[in-house]
Amino acid sequence: MPVIKTEHLTHLYSVGTPFEKAAIQDVNLEISQGEFVGVIGHTGSGKSTLIQHFNGLLKPTAGKIFLDGKDIWENKSEIRAVRFHVGLVFQYPEYQLFEETVYKDISFGPKNMGLKEDEIDARVREAAALVGLKPEVLEKSPFELSGGQKRRVAIAGVIAMEPKVLILDEPTAGLDPRGRDMILGEIQQYHQEKKNTILLVSHSMEDIAKYATKVLVMNQAQVYAYDTVEAVFSRVEELRALGLGVPQITRVFYQLKQDGMNIETNVYSVKRAKQLILEKLGKGGDAQ
Amino acid sequence: MITDITIGQYFPGKSFIHRLDPRIKIILTIVYIVILFINQGVFGFVLSIGLLAVMYLIAGIPIRMILKSLKPVIPLIIFTSVLNIFFIGGTVIWQWGIITISWEGIRLAVFMSIRILALIAGSSLLTYTTSPIALTDAIERLLKPLKYVKFPVHELAMMMTIALRFIPTLLEETDKIMSAQKARGADLESGGLIRRAKALIPILIPLFISAIRRAEELALAMECRCYRGGEGRTRMKQLHLGGRDAVAVGVMAACLAGVILMNLFLPTVL
């Protein structure tokens, strides 16, 4: 059974005015448990609107969303519980920090869940460790940390709720390459440890190819494609037409093929590229 | 969503009214309010409301916009009308116990309601047809004489401009922070007064911090562009009075004169 399923999900903005516009239109999706989904699409393609439906922050104009087979809007008063199961980390989440200490801020979510003190304590420490925050940081004020550290605190605040589905909206926007790799690495590690479902919105095709198992392509308020990384990134021309593109390394191989070289184009990581090139050069054995 | 609230209700256009000098528009709005209040008879109201209707037609503002601007004053109108009807003495036309209704009371209630409605509709026309920036520009020019009594006119106008500029930004920010805290299970909708007030802390603190951060960034950006107050500052868009401003002033002056004449010569019709 899929963990998240949508049926004809539609969301209109400014209903009943001349400015009425569909942010998402007739979206039918099934996301399986344990998947690491990369979400790509243009600004304004409906990504953010879609993910805010998954945890009930936005109410659909039409259609349904199922979490573990249960319609999340069936009982309106239980919508808060849905938010504990589907954790959402917004863009630039460091701007939502407000507590006196890092510890208190991370515990805001678990506290809202009504957990016991010792359970909260365990979760806060575990979440902080997962995102690479040292124990001594916990007693500091979040406002004296660096930008990257603040973001880790904010992500830990959502992870501490131990959601079944974790959605991250461009968690690496504005970070330096090293900070980006570290945060994504931590998220991947978390995914492998907890075997939960992750949705990662990103503009970096390289990151998507590196971490995701599936790719969801949004275009003009609709799902353009939802498939494995290989299947999606093999549609180079289509993605280009959408203005999205494919990972750089895939582009290189695609161009080589266009230029007449007999080579595969399903290459999404530098590691695989190296292996293929060495094979081509007749040194396949050394690649490993 | 909070962002649906419109503040600074500018309705862009290129009509005669839109292109009037904002200074003239402010002054004429004040004159129009004076006309409404010195007027004593029915004909004056016919004239002033007719003028307003014509101006709205020229400006091309849809009727629902006018209704929208009038909606918030309805409670005020009901309140003043009730006071006027029941507490103004005069020729009694209806009585029940201690409650009396007089002819003068009804007359005053109707006149006052018309005045308030026309006042709001008239001043809304100013904000519908003038962009907030043009408005603060004009205010700065009009208040310029106050400089001689050391009143910080330029600073005040700059503060107004910045405040107007940041209202939508802060509303959007509030919306974002609320969503983020709701995603962490913040409960903003239930509980008593104290619980609700407490629930606002996770929203207000990040909002204040971001407002202060933005203020610092803006101050820095302004200094980088050599801003140092109003002294010797020139403008890209100079305000110029033109022929159409003269026409507008003429029409409003005629209207004022008409109302004064009506007060003098037709004082007792109704």
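Reading strand pairing, chain shape and an interface in a predicted model

User: In which element of chain A is A:Lys214 placed?

Analyst: A:Lys214 belongs to strand β9 of chain A, which covers residues 214–219. Please bear in mind throughout that the model is predicted.

User: Which residues does A:Lys214 contact, apart from its neighbours within four places in sequence?

Analyst: With those neighbours left aside, the contacts of A:Lys214 are A:Glu35, A:Phe36, A:Val37, A:Gly38, A:Tyr226, A:Asp227, A:Thr228 and A:Val229. One of these, A:Val37, lies 177 residues from A:Lys214 along the chain, yet their C-alpha atoms are separated by 4.8 Å.

User: What domains are assigned to chain A, and how far apart are their C-alpha centres?

Analyst: The assignment divides chain A into domain 1, residues 4–229, and domain 2, residues 247–288. Between the C-alpha centres of domain 1 and domain 2 of chain A there are 34 Å.

User: How should I read the overall form of chain B, beginning with its helices and strands?

Analyst: Chain B contains 10 helices and two strands. Their order from the N terminus is α-α-α-α-β-β-α-α-α-α-α-α. For the form of the chain, one sets the radius of gyration against that of a compact globule: for 270 residues the latter would be near 18 Å, but chain B has 24 Å. The C-alpha trace of chain B spans about 65 × 55 × 40 Å along its principal axes.

User: How much area do chain B and chain A bury between them?

Analyst: Interface size is often expressed as the accessible area that is lost when the parts come together. Here chain B and chain A bury about 1,700 Å², and 62% of that area is on carbon and sulfur atoms. The contact involves 21 residues from chain A and 17 residues from chain B.

User: How many salt bridges and polar contacts does the rule find across this interface?

Analyst: The rule finds two salt bridges between chain B and chain A. One of the salt bridges joins the side chains of B:Arg184 and A:Asp105, with an N to O distance of 3.0 Å. Five residue pairs across the interface are in polar contact, both residues of each pair being at pLDDT 80 or more.

User: Which elements of chain B give two or more residues to the side that touches chain A, and how do the residues of that side divide?

Analyst: The elements in question are α7 (153–183) and α9 (201–224) of chain B. The residues on the side of chain B that touches chain A comprise 10 nonpolar, three polar and four charged.

Methods
Residues are numbered from 1 along each chain as its sequence is written. Chains are lettered from A and ligands numbered from 1 in the order in which they are written. This is a predicted model: local features need pLDDT of at least 70, side-chain atom pairs count only at pLDDT 80 or more; totals for chains, interfaces and linings use all residues. Side-chain values use heavy atoms; hydrogens and water are left out. Contact means heavy atoms within 4.5 Å. Buried area is the accessible area (1.4 Å probe) that two parts lose on being put together, summed over both. A salt bridge is a side-chain nitrogen of Lys or Arg within 4 Å of a carboxyl oxygen of Asp or Glu. A polar contact is a pair of N or O atoms within 3.5 Å; within protein, one must be able to donate a hydrogen and the other to accept it, and residues adjacent in sequence count only if both atoms are side-chain atoms. Helices (H or I, at least four residues) and strands (E, at least two) are DSSP runs, numbered from the N terminus. Ala, Val, Leu, Ile, Met, Phe, Trp, Tyr, Cys and Pro count as nonpolar, Asp, Glu, Lys and Arg as charged, and the others, Gly among them, as polar. Domain bounds come from an automatic or database domain assignment. The radius of gyration is taken over C-alpha atoms; the globule rule is 2.2 Å times the number of residues to the power 0.38.
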